[in-house]
Amino acid sequence: MEIVYNGNQDSRLYKAVIGETIDALMKEDEKVVWLDADLRGCSGTAGKEGDRYINCGIAEANMIGIAAGLSASGMKPYAHSFGPFASRRAYDQAFLAAGYAGNAVTIIGTDPGITAAFNGGTHMPFEDMALYRAMPEATVYDITDVPMLIDTLKKAKDMPGVKYIRVPRAGSFQIYADGSSFTPGKGVVLREGTDALIVASGIMVKEALEAAKALAQEGIECAVIDPITVKPLDVDLVREWAQKTGVVVTAENHNRIGGLTSAVEDALIGMPLKFGHVAVEDTWGEVGPLDYLRERFDLTCDHIARVVRELRA
Amino acid sequence: MTKEQVKKLQEFALEIRIGTVECIKSRGFGHVGGSLSVADLLAVLYGEVMNVDPSNPKKEDRDKLVCSKGHAGPAVYATLALKGYFPYEKLFTLNQPGTDLPSHCDRKKTPGIDMTTGSLGQGTSTAVGLALGDRLQGRDCRTFLIVGDGEAEEGQVWEAAMFTAAKKLTNLVWIIDWNKKQLDGYIKDVNDPGDYRAKFEAFGFDAVTVDGHDVEKLYEALTKKAEDKPIAIIMDSVKGKGVTAVEQTMANHSMKGGQEMFDGWLAELREKQAAMKA
Ligand SMILES: Cc1ncc(C[n+]2csc(CCOP(=O)(O)OP(=O)(O)O)c2C)c(N)n1
């Protein structure tokens, strides 16, 4: 895997990438169908025409149920809403009509965690990964960058079951080279190190790399792993690097309960390790600019570095 | 209503529009379309109809408001500020770090906000609960519920409507802000619920269609006594009402711009205000 991270913002917006990728998939495969819940303007699909772009209106539970039926009829549905409404609001439909009934549905929840920013606490899911992790056979992605998003959207098309993809709408930092290919359940080692392991997903991958860089200057060498899928988690890879380092810190834009932190803790039960986390401490979301929210919920590279230092002290 | 009362409400509605725009201007962007469409309604509710006490926002037998289309927060905040629930300057903290005025209405944060909303559809059931609780506790008061016409695509809205009519919850007044638009465009193009009034009538409401920018007609509908059927008001309104540039913008759900843009809007509103006072 080629890592191209250089600290510069990617000029491509996630939402534009979603719109372009889905449009390309539709042209390539006539079974692809896009469902939205009055948020086409937020998914980058606004203005894209065709009878396989279906606006369900503000009715997320109905949308996910329709997606399940479409799958049963042989279509390949993608369904989008903001993270809270793509998870909590439609969970029973996703769980039973899609998951339990064996229908293949790709669910995209935009603006996860603090990236909901100005939409505030009602729109700020810190629990969406927990919900989808608790669904048997579901695949859960916390998108790290544009190449990962493109590859994930493409591969999800022909994967069975429920795929939940959480992704911001706005910008990101490129980590992986364009055209990178990922395998669900296979994590990526972004950096090697023997003093501590940081397992980070989504917007926290960049923070983890920055923390590792800062710690290296103090002589602390951190390994950094992006799990790619939070479920299934690459248990073997995480255990291997936990063994090598003895200190493990997770970093996620999510409640510490039920998401990446829980998944990694589960994977490491019984190992003699020092364990820490950088995650939302079981609290509600709040409105404000993203930079403010990063500090407010301690989702920063500085905090990751602090936790690593404390565990090693 | 006397001519003076009508004029007073029209002036109040203009002040609410100005406050709404000033509130959104302070942040540089916000849900302006759906806020402006309910300004006249809020003026009538808080200016004449609702029994509330700004110095005692938690008074148990007050009339209550559930703005289920919680993104109209700025208009509700402007109304509450003008009524004295909190200082006017607070409007300029919209969505700032640590604010009490988030995008969507929040009962834990803002004095005078009776219910937390923002996840569309949910305010309808909580309004039912408020009204039912008041009835069970023998309080003589009403709850007013504002629902977006796009929001009415949510199934929960109709579950709550069914309950309201079936249980003859006459102390709950439903108001559908029928401004014909939602986020992605016109309701008719997205997922059309059809004839709102006929639907409410079919559930067993006493439903009326009222000009949403005529304070006199609104007053009449909002003060009508519900006999054995709950009242549903289909409020025929314009998204962005009162600011020409907003009304004429197709994508006016949430708008963003420089201070000059907002100042232009405010100039139009203040001109109307001066003309009314003259
Ligand atoms: C459950 C839910 N789904 C989606 C959204 C995002 N959203 C906020 S406002 C809006 C459009 C609302 O349209 P309408 O109810 O007609 O309100 P108005 O046009 O009066 O502003 C959408 C889709 C939300 N807040 N809640």
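In which sense do strand 2 and strand 3 of chain B pair, and over how many bridges? I shall begin with that question, and then move from chain B to chain A. Please keep in mind throughout that this is a predicted model.

The pairing is in the parallel sense, and strand 2 of chain B is joined to strand 3, residues 143-148, over 4 bridges. To place one of these partnerships on the structure, please find B:Leu65, whose bridge partner in strand 3 of chain B is B:Phe144. As a general reminder, the strands of a sheet pair through backbone hydrogen bonds, and they may do so in a parallel or an antiparallel way.

These two strands belong to an open sheet of 5 strands in chain B, which follows the order 2-3-4-6-5 with parallel pairing. Why do strand 2 and strand 5 of chain B have one side left without a neighbour in the sheet? Strand 2, at 64-67, and strand 5, at 206-211, stand at the edges; each has a single partner strand, and so one side of each has no neighbour in the sheet. From one strand to the next, the twist averages 20°. Packed on this sheet is helix 3 of chain B, residues 39-49, which touches strand 2, strand 3, strand 4 (172-178) and strand 6 (231-236). The direction of helix 3 makes about 175° with that of strand 3 of chain B.

Strand 2 of chain B appears again when we turn to internal space. A search of the whole structure finds 3 cavities of 30 Å³ or more. The largest cavity has a volume of about 50 Å³. Which element gives the largest share of its lining? That element is strand 2 of chain B, with 3 residues. Among the lining residues are B:Leu65, B:Val66 and B:Cys67, together with others such as B:Tyr46 and B:Asp114. By class, this lining holds 8 nonpolar, 2 polar and 1 charged residues.

The second largest cavity, of about 40 Å³, takes us to chain A. Its lining consists of A:Tyr141, A:Asp151, A:Thr152, A:Lys155, A:Phe182, A:Thr183 and A:Pro184. Helix 7 of chain A, residues 146-156, supplies the largest share, 3 residues. The classes here are 3 nonpolar, 2 polar and 2 charged.

Let us now consider how chain A is divided. Its domain assignment gives domain 1, at 9-173, and domain 2, at 188-312. The C-alpha centres of these two domains lie 25 Å apart, and their contact takes 31 residues from domain 1 and 35 residues from domain 2.

Both domains also contribute to the second largest pocket, whose lining draws at least three residues from each of them. This pocket has a volume of about 790 Å³. Of the 31 residues that line the pocket, the closest to its centre are A:Gly121, A:Thr122, A:Trp284, A:Gly285 and B:Thr116. Helix 5 of chain B, residues 122-136, gives the largest share of the lining, with 3 residues. How does this lining divide by class? There are 6 nonpolar, 15 polar and 10 charged residues.

Chain A also has an open sheet of 5 strands, in the order 9-11-10-13-14, and its pairing is mixed. Strand 9, at 188-191, and strand 14, at 274-280, are the edge strands, each pairing on one side only. The twist in this sheet averages 25° from one strand to the next. Within the sheet, strand 10 (residues 196-200) and strand 13 (residues 247-255) run parallel and are joined by 4 bridges. Here A:Ala200 has A:Ala251 of strand 13 as its bridge partner.

Two helices of chain A lie across these strands. Helix 9 crosses strand 9, strand 10, strand 11 (222-226) and strand 13, running at about 150° to strand 10. Helix 10, residues 260-268, lies across strand 10, strand 13 and strand 14, at about 150° to strand 13.

I close with two details of the backbone. In general, most residues other than glycine have a negative phi, and most peptide bonds are trans. Which residues of chain A does a cis peptide bond join? They are A:Lys231 and A:Pro232, with omega at about -10°. A:Pro232 sits in the loop between strand 12 (229-231) and helix 9 (235-245) of chain A. The second detail is A:Asp111, a residue other than glycine with a positive phi, near 55°. A:Asp111 is in the loop between strand 5 (105-110) and helix 6 (128-133) of chain A.

Notes. Residues are numbered from 1 along each chain as its sequence is written. Chains are lettered from A and ligands numbered from 1 in the order in which they are written. This is a predicted model: local features need pLDDT of at least 70, side-chain atom pairs count only at pLDDT 80 or more; totals for chains, interfaces and linings use all residues. Side-chain values use heavy atoms; hydrogens and water are left out. Two strands pair if DSSP finds at least two bridges between them. Axes are lines fitted to C-alpha atoms, for helices over the stretch in contact, and angles run from 0 to 180 degrees between N-to-C directions. Contact means heavy atoms within 4.5 Å. On a 1 Å grid over the protein atoms alone, a cavity is a set of points where a 1.4 Å probe fits but cannot get out, and a pocket is an open set with protein on both sides within 12 Å along at least five of seven lines; lining residues have an atom within 4 Å of a point. Grid points are joined across faces, edges and corners, and a volume is the space filled by probe spheres set on the points. Ala, Val, Leu, Ile, Met, Phe, Trp, Tyr, Cys and Pro count as nonpolar, Asp, Glu, Lys and Arg as charged, and the others, Gly among them, as polar. Domain bounds come from an automatic or database domain assignment.
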